[in-house]
Amino acid sequence: MLEHETRPTRAWVLHPDITSNRTRRDATSGLEEAVALAAALPNLEVVGSEIVRLPKIQPGHLFGKGKIEELRQRLQDADVELVLVDGPVTPVQQRNLEKVWKVKLLDRTGLILEIFSDRARTREGVLQVEMAALSYQRTRLVRAWTHLERQRGGLGFVGGPGETQIEADRRAIDEQLGSLKRQLDKVAKTRELHRASRAKVPFPIVALVGYTNAGKSTFFNKVTGADVFAKDMLFATLDPTMRSLVLETAHGGDREIILSDTVGFISNLPTQLVAAFRATLEEVLDADLILHVRDISHHQTDEQAADVLKILSDLGIKENAPMFEVWNKIDLLPDEAREARLARAGEEDDKFAISAVTGEGIDDLLAAVSAYFEDDKIERAFVVPYAQGKKRAWLFEEGVVLSEEAGEDGYAMRVLWTPRQEKEFRDI
Ligand SMILES: Nc1nc2c(ncn2[C@@H]2O[C@H](COP(=O)(O)OP(=O)(O)OP(=O)(O)O)[C@@H](O)[C@H]2O)c(=O)[nH]1
């Protein structure tokens, strides 16, 4: 009934393809991702999208004159109100383009911030997004400021209404940032307390990570039966959601684990948001096992996986952290590709092909997770070469050594350990 009042904003997505700055992502999937991002905003209709080749960035207007005029016509014909530019746009370019096109304009960071603020569900999430948004605004003020200085011929002339206003704005933003930071610290402390009390619970934590839209929440819901806001949107989970899950052990017993869903990753994450991610993803740092959920049907699934691993390493997660790869959405693969994936997953003990929608492969994955935390110990004998002192030290730290004898090639060891320790040892 209210349809007329909530008419969606008509938006147009532009993906600048900067010839001098080609990354390994092709422009078409860049545009596709930007459109998907835009669609994640509520009450917005993407009425058009295109790649704009950009041999050279124009400082004042980003695009060249001819292109701007051509676009102006198109935007006007389509009655566009909001233009989303998938890349950085300086405040000056933004102002100029908004004036010529008579639209509102958001760049990639602005767009992601909008989505984040719309999705944040816990107090901490909201605070983080506010902080990120403020830092973003602050850098824009700084840029406007340098621009002003340049216009004055770089004389370093200070004073005048422009500067004073900007300085006041910056101070106001700094004060707000300080206050947000204090609140966030408090929330973080409370969380720390929760975590400490949880640490007393002897349940392993399994964290889901993955590129946005990989299917983490769908998987999480499927296995926990939880009602975690299932949707066809990006970034539905800005805050980690945790549920306990009881798995069956190999001997028919129960094993309880805590499964934690996290925010989806994305390429070219604006720097202002990296900190917000870091706090949100602390759970992952704490996890006993990471499940890296991948949309194996996506044509850039390998690039997405590389992005996720890069973000994890930026977050300080060790390369050899225990991790399973979950190849999700196999139901969407054509037969041949599907068979190939299933065969490879069959060969490697830390890769699993599943469909979070049909449920295929999930039992095997959960059995492997359960086995990973199997307490049953196994005895092994092997030689640790003298050059691998780190491995030997680790065995003693873990307290698994039964006996040790110095031989010709190294230490002949006998150990008693869990399958989990065995895997960790291999990765050292
Ligand atoms: N066909 C198919 N679709 C799936 C599968 N898993 C997830 N999807 C769909 O993929 C879309 C994204 O799934 P989500 O579970 O929301 O993805 P997510 O990784 O939690 O996304 P973010 O919250 O953005 O990080 C939804 O439309 C799901 O229905 C699958 O195994 N097969």
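**View 1. Helix H1, its length and its buried face.** In this predicted model, helix H1 covers residues 27-39. At 1.5 Å a residue, its 13 residues should span 18 Å, and the end C-alpha atoms are indeed 18 Å apart, so the expected and modelled lengths agree. Look next for the buried residues of H1: Gly30, Leu31, Glu33, Ala34, Leu37 and Ala38. Seen down the axis of H1, these buried residues fall within an arc of 165°, so they line one face of the helix.

**View 2. The largest nonpolar core.** Here we meet Ala38 of H1 again. This core has 38 residues, and those touching the most other members are Ala11, Val13, Ala38, Val83 and Leu84. Several elements give two or more residues to the core, among them strand S1 (9-18), H1, strand S2 (44-54), helix H2 (65-77) and strand S3 (82-85). Helix H5 (123-151) is also on that list, and H5 provides the largest share, six residues. As background, nonpolar side chains in soluble globular proteins tend to be buried together.

**View 3. An open sheet of three strands.** The strands are arranged in the order S11-S13-S12, with antiparallel pairing. Strand S11 (378-385) and strand S12 (401-406) stand at the edges with a single partner strand each, so one side of each has no neighbour in the sheet. From one strand to the next, the twist averages 15°. Eight bridges join S11 to the antiparallel strand S13 (residues 410-417). To find your place along S13, look for alanine 412, which has valine 383 opposite. Helix H13 (residues 389-398) lies across S11, S12 and S13, at about 35° to S13.

**View 4. Two lysines with positive phi.** Most residues other than glycine have a negative phi. Lysine 102, however, has a phi near 55°, and lysine 329 has a phi of about 70°. Lysine 102 sits in the loop between helix H3 (91-101) and S4, while lysine 329 belongs to the loop between strand S9 (323-328) and helix H11 (335-347). Is each one buried or exposed? Lysine 102 counts as exposed because it has 12 C-beta neighbours inside 10 Å. Lysine 329 is buried, with 23 other C-beta atoms within 10 Å.

**View 5. The whole protein, for orientation.** The protein contains 14 helices and 13 strands. Of its 428 residues, 31% count as buried. Among contacts with a separation of 6 or more, 71% link residues 24 or more positions apart.

Notes. Residues are numbered from 1 along each chain as its sequence is written. This is a predicted model: local features need pLDDT of at least 70, side-chain atom pairs count only at pLDDT 80 or more; totals for chains, interfaces and linings use all residues. Helices (H or I, at least four residues) and strands (E, at least two) are DSSP runs, numbered from the N terminus. The expected span of a helix is 1.5 Å times one less than its number of residues. A residue is buried if 20 or more other C-beta atoms lie within 10 Å of its own, exposed if 12 or fewer, and partly exposed in between; C-beta atoms are placed from the backbone. The arc is that of the directions from the helix axis to the C-beta atoms. Two strands pair if DSSP finds at least two bridges between them. Axes are lines fitted to C-alpha atoms, for helices over the stretch in contact, and angles run from 0 to 180 degrees between N-to-C directions. Two residues are in contact if their C-beta atoms, placed from the backbone, lie within 7 Å. A nonpolar core is a set of buried Ala, Val, Leu, Ile, Met, Phe, Trp, Tyr and Cys residues joined through C-beta atoms within 7 Å.
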